[in-house]
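Subject: A structure for you to explore

Hi,

Here is the structure I promised to pass on to you. Have a look around it first, and then read my notes below.

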Amino acid sequence: MLLDYITPELIELQVQAQDWQEAVRAGGRLLVESEICEPRYVDAMVAAVEDLGPYMVLAPGIALAHARPEDGMLKVGMSIINLAAPVEFGSEENDPVYLVISFGGIDKESHVQMLQTLAIFLMEDKNQELLKTATSKGQLLKAFSSK
């Protein structure tokens with residue numbers, strides 16, 4: 001269940017970001033502030049895009065920012081930010097990005113389990129749209145509670 005991974009403190013709406021790096025760092029900041037990861041995990045998420053390209057942009061308008069568990073994850077968790085204005089990651093098919101979900105697990109199994117749970121939720125177009133356009137944390141938490 002997604003509510004196992006997210007709390008109101010891990011959601012931020014209408015975030016101002018000048019570029020994809022700021023967007024990834026904004027989501028990572030929420031994880032650091034909630035003591036889910038170390039700051040170096042945020043750096044590793046940015047480095048992953050710099051090294052491997054925009055593979056994290058998995059669906060139109062949605063980036064799933066992550067790094068390896070050994071890069072500084074302390075607990076299983078995720079943050080969700082939607083952006084006031086979209087940013088370009090360099091994905092021909094899925095830019096611009098309106099939503100960044102930053103996540104990670106403490107090991108490969110927890111990382112994959114969270115990704116699977118999130119993928120099931122995102123398979124429904126209405127859930128993708130809600131995440132991109134939500135105006136309150138309550139809207140998101142309510143949607144997560146039904147999954």
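Below is what turned up, starting with the sheet and ending with the charged side chains.

Please keep in mind that this is a predicted model.

**The sheet**

A good place to begin is the open sheet of 5 strands, which has the order β1-β4-β5-β3-β2 and mixed pairing. Its edge strands are β1 (11-15) and β2, and each of these pairs on one side only. From one strand to the next, the twist averages 25°.

As a reminder, strands of a sheet pair through backbone hydrogen bonds, either parallel or antiparallel. You can find both kinds here. β4 and β5 pair in the antiparallel sense over 7 bridges, with Gly77 opposite Gly104 in β5. On β5 there is also a parallel pairing with β3, over 4 bridges, where Ile62 has Leu99 as its bridge partner. β2 and β3 run antiparallel and are joined by 2 bridges; there, Ala59 stands opposite Ile62 in β3. Ile62 is therefore a handy residue to click on, with a partner in β5 and another residue opposite it, Ala59.**Helices around the sheet**

Helix α1 (residues 20-33) lies across β1, β3, β4 and β5, and runs at about 150° to β4. α5 packs on the sheet as well, where it touches β1 and β4, and its direction makes about 130° with that of β1.

Helix α4 (residues 125-133) is worth a look too. Which of its residues are buried? They are Asn127, Gln128, Leu130, Leu131 and Lys132. What covers them includes β2 (57-59), β3 (62-65), β4 (77-87), β5 (97-104), α3 (108-122) and α5 (137-145).

**The core**

The largest nonpolar core has 52 residues, and those with the most contacts inside it are Met78, Phe89, Ile101 and Leu131. Helix α2 (residues 39-52) gives the most to this core, with 7 residues.

Try selecting Ile101. Leaving aside neighbours within four places in sequence, Ile101 is in contact with several residues, including Ala65, Met78, Leu118 and Leu131. As for strand β5, 7 of its 8 residues are buried.

**An aromatic pair**

How many aromatic pairs does the structure hold? There is 1. Trp20 and Phe89 form it, and the pair is tilted, with 5.7 Å centre to centre and 35° between the planes. Trp20 belongs to helix α1 and Phe89 to the loop between β4 and β5, so the pair ties together parts that are 69 residues apart in sequence. Both Trp20 and Phe89 are buried.

**Salt bridges**

The count of salt bridges comes to 5. In one of them, Glu12 meets Arg29, with the closest N and O atoms 2.9 Å apart. Since Glu12 is in strand β1 and Arg29 in helix α1, this pair ties together parts that are 17 residues apart in sequence. Arg29 also forms a salt bridge with Glu33, at 3.4 Å from N to O. Glu33 and Arg29 both lie in helix α1, 4 residues apart, which is about one turn of the helix. Glu12, Arg29 and Glu33 are thus linked in a network of salt bridges.

Are these three buried or exposed? Glu12 is partly exposed at 26% relative accessibility, Arg29 is partly exposed at 33%, and Glu33 is exposed at 54%.

Another salt bridge joins Lys126 and Glu124, at 3.8 Å from N to O. Here Lys126 is exposed, with a relative accessible area of 58%, and Glu124 is partly exposed, with 30%.

Enjoy exploring!

Best wishes

Conventions. Residues are numbered from 1 along each chain as its sequence is written. This is a predicted model: local features need pLDDT of at least 70, side-chain atom pairs count only at pLDDT 80 or more; totals for chains, interfaces and linings use all residues. Side-chain values use heavy atoms; hydrogens and water are left out. Buried means under 20% relative accessible area, exposed over 50%, partly exposed in between (1.4 Å probe, protein chains only). Contact means heavy atoms within 4.5 Å. A nonpolar core is a set of buried Ala, Val, Leu, Ile, Met, Phe, Trp, Tyr and Cys residues joined through side-chain atoms within 4.5 Å. Two strands pair if DSSP finds at least two bridges between them. Axes are lines fitted to C-alpha atoms, for helices over the stretch in contact, and angles run from 0 to 180 degrees between N-to-C directions. Rings of Phe, Tyr and Trp (its six-membered ring) pair if their centres lie within 6.5 Å; planes under 30 degrees apart count as stacked, over 60 as edge-to-face and the rest as tilted. A salt bridge is a side-chain nitrogen of Lys or Arg within 4 Å of a carboxyl oxygen of Asp or Glu.
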